[in-house]
Amino acid sequence: MTPHREAPKYGARVRVLLDVSAVPNQPVGAGVYTVAIAAGLAAHADIDLVVLCRRDDAPRWEQIASGAEVIAAVPTARPARLAWERTRGAHLAHTARVDLWHGPHYTLPDRLSVPSVVTVHDLTFFDAPETHERAKVWFFRHAIERNARRATRVLCVSHTTAARLGELVPGHAPTAVAHHGVDHDRFRVGGPDDRAADDACLAPHGIAGRYIAFVGTIQPRKGLPVLVEAFADLVRDDPDLRLVLAGGDGWGLDDLRHAITHNRVATRVLRPGYLDNATVAALYRRAAVVAYPSLAEGFGLPALEAMACGAPLVTTSGTAMDEFVDDAALVVPPGDAPALAAALRRALYEPDTVERLHRRGPIVAQPYTWAGCVEAHVAAYRAAVQPRNDEAVV
């Protein structure tokens, strides 16, 4: 198809449509990323942003992406939303006269006549299918293979994801890496004046005292049964310690419930559900340790946010977290309960280790900003609409 608009001249503003229709009302992971880049792109001098959202979701995005054009055209129900994107998205791109379509969550419309960028967050649908619902495995495998080849550019959230994409999808479009960022105004080391406010923020959720914290959607990929087993080993010697598993329910909760019951720690495990950003920041600052024992990740934003707050962090090796934790976390093999318990014990009871992690975390996390992530997106958009002959595939 012939493009319906000429490519913007070099240095001109790029009119970008960002499809945010998959972002739930309580965003996590890829949703947090999409919210952050929408806000940043809306304020960027080089971008004329069009936000495409669900029909019932315009007020939220008008607030998040202040100054952007908001088009509330997508059906609310997930099957209808996906069908609308594939069949009607190309027509909307034409009528909205955009230069580029960005699908921030693996998918793109059919028959687009403008350049496109797609974000690939992780390849766990290929590498760890047992940690996803079966219907999603087929859908997202197909979407990744198809759209990574159809897009003009692919954005990956880590070098780990980019490298694995190259192995799994040969012939994909040129790729760039845009690491997630941290809201450093919110996720920061607390001072003396923050302690009372943080405690007050956590009190309505029953969170107090000494605890190990986890934040993320409750699902098999997060390795939580292993964390419960490691925690049970610790509380034999520390009966006042608690485990806080913060996050909304995903799927596959039976293994976690069994681990809690089998290890007889039900009275010491607190599940407060989804927490907003202000409460999550307080949770990190007041935690004795933050554990993020995920089996696989595309990036691992909760680990980075915990580091920014100065929380001692224990996470997993051989994952995307290896890219950014440096010496600011203890890392253990995924799924290894004894190793996890040993690392948690160090982060709880070794003063030198606690002090090092508390000091190094904010330093290592500092370069990761949403502003930097947005700039990487703008560069990818410009490369997509103004391709050069000397560019290479990553």
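In this predicted model, Gln-219 touches Thr-131 and Trp-251, not counting residues up to four places away in sequence. A reader new to the structure may find this glutamine a handy starting point, as Gln-219 sits in the loop that links strand S8 (211–215) to helix H8. Its relative accessible area is 14%, and residues under 20% count as buried, so Gln-219 is buried.

From this loop the path leads into H8, and two of its helix partners can be taken in turn. Two packed helices are described by the angle between their axes and the distance between the axes. For H8 and helix H9 (residues 254–262), the axes come within 8 Å and cross at roughly 10°. Angles under 35 degrees count as roughly parallel, and H8 and H9 are therefore roughly parallel to each other. On the H8 side, Leu-224, Pro-225 and Val-228 make the contact, and on the H9 side Asp-255, Leu-256, Ala-259 and Ile-260 do so. Sorted by character, the residues of this contact comprise six nonpolar, no polar and one charged.

The second partner is helix H12. The axes of H8 (residues 224–235) and H12 (residues 337–349) also come within 8 Å, with a crossing of roughly 55°. That angle makes H8 oblique to H12. The crossing of these two helices is right-handed. Here H8 contributes Val-226, Leu-227, Glu-229, Ala-230, Asp-233 and Leu-234, which meet Ala-337, Leu-340, Ala-341, Leu-344, Arg-345 and Leu-348 of H12. Nine of the residues in the contact of H8 with H12 are nonpolar, none is polar and three are charged.

It helps next to turn from helix pairs to the interior. In soluble globular proteins, nonpolar side chains tend to be buried together. In this model, the largest nonpolar core has 105 residues, and Leu-49, Ile-212, Leu-283 and Leu-344 have the most contacts inside it. H8 gives the most to this core, with nine residues. Leu-344 thus appears twice in the account: among the H12 residues that meet H8, and among the residues with the most contacts inside the largest core.

Leu-49 offers a closer view of such surroundings. Leaving aside neighbours within four places in sequence, Leu-49 is in contact with Val-16, Leu-18, Ala-38, Leu-41, Ala-42, Ala-65, Ala-68 and Glu-69. A second core, separate from the largest one, has 32 residues, among them Leu-92, Val-114, Val-118 and Val-154.

Definitions and conventions
Residues numbered from 1 in each chain as written. Predicted model: local features only at pLDDT ≥ 70, side-chain atom pairs only at ≥ 80, totals over all residues. Heavy atoms only, no water. Axes fitted to C-alpha atoms, helices over the stretch in contact; angles between N-to-C directions. Helix = DSSP H or I, 4+ residues; strand = E, 2+ residues; numbered from the N terminus. Parallel < 35°, antiparallel > 145°, perpendicular 65-115°, else oblique. Left-handed = near helix turned anticlockwise from the far one by under 90°. Contact = heavy atoms within 4.5 Å. Nonpolar A, V, L, I, M, F, W, Y, C, P; charged D, E, K, R; others polar. Core = buried A, V, L, I, M, F, W, Y, C linked by side-chain atoms within 4.5 Å. Buried < 20%, exposed > 50% of the residue type's maximum accessible area, 1.4 Å probe, protein only.
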